[in-house]
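This report looks at one helix and its surroundings, and then at the pockets of the model.

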Amino acid sequence: MKKIETIIKPFKLDDVKDALNRIGVSGMTISEVKGFGRQRGHKEIYRGAEYQTDFIPKVKIDLIVDSDLADKVVTTITETARTGSVGDGKIFVMPVEGAYRIRTGESGKDAI
């Protein structure tokens with residue numbers, strides 16, 4: 001199993017979620033996060049005053065998938081979330097040693 005952690009632009013969330021559902025991803029956890037990479041924030045104007053916003057709003061998607069599906073998930077997210085602009089996001093893939101469903105006690109692939 002693999003954990004896929006993705007950070008994308010918020011307006012791309014619905015497109016990515018729908019694309020993942022189409023390839024068989026059955027669950028995900030979504031978090032609203034803030035951060036910056038190469039963007040280094042941006043300037044905004046509020047009531048005529050300009051100020052620097054150091055952290056950009058993003059959406060983080062956490063998925064646990066079967067190892068066989070991981071490459072397809074990464075490709076799907078990349079193709080769907082890409083705008084070609086700075087700040088499109090990142091994808092991190094990590095091994096998962098175990099997964100357990102609390103309600104039923106199922107483990108491994110059955111738990112995801």
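In this predicted model, helix α2 comprises 15 residues, 67-81, which at 1.5 Å a residue should span 21 Å, and its end C-alpha atoms are indeed 21 Å apart, in agreement with that expectation. The buried residues of α2 are A70, V73, T76, I77, T80 and A81; seen down the helix axis, these buried residues fall within an arc of 140°, so they line one face of α2. An α-helix has 3.6 residues a turn, so residues three or four places apart point the same way. On the other side of α2, the residues D68, D71 and E79 are exposed. The cover over the buried residues of α2 includes β1 (2-8), α1 (13-22), β5 (56-65) and β6 (89-95).

T80, which lies in α2, has a relative accessible area of 18% and is buried, because that value is under the 20% cut-off. When neighbours within four places in sequence are left aside, T80 is in contact with K12, D15, V16 and A19.

The two pockets are set out below.

| Pocket | Volume | Residues closest to the centre |
|---|---|---|
| Largest pocket | about 260 Å³ | F36, G37, G87, G89 and K90 |
| Second largest pocket | about 220 Å³ | S26, G27, I64, V65 and I112 |

The lining of the largest pocket, to which β2 (29-35) and β6 each supply at least two residues, divides into five nonpolar, five polar and four charged residues. For the second largest pocket, β5 gives the most to the lining, with four residues, and the lining by class has seven nonpolar, four polar and three charged residues.

Definitions and conventions. Residues are numbered from 1 along each chain as its sequence is written. This is a predicted model: local features need pLDDT of at least 70, side-chain atom pairs count only at pLDDT 80 or more; totals for chains, interfaces and linings use all residues. Side-chain values use heavy atoms; hydrogens and water are left out. The expected span of a helix is 1.5 Å times one less than its number of residues. Buried means under 20% relative accessible area, exposed over 50%, partly exposed in between (1.4 Å probe, protein chains only). The arc is that of the directions from the helix axis to the C-beta atoms. Contact means heavy atoms within 4.5 Å. On a 1 Å grid over the protein atoms alone, a cavity is a set of points where a 1.4 Å probe fits but cannot get out, and a pocket is an open set with protein on both sides within 12 Å along at least five of seven lines; lining residues have an atom within 4 Å of a point. Grid points are joined across faces, edges and corners, and a volume is the space filled by probe spheres set on the points. Ala, Val, Leu, Ile, Met, Phe, Trp, Tyr, Cys and Pro count as nonpolar, Asp, Glu, Lys and Arg as charged, and the others, Gly among them, as polar.
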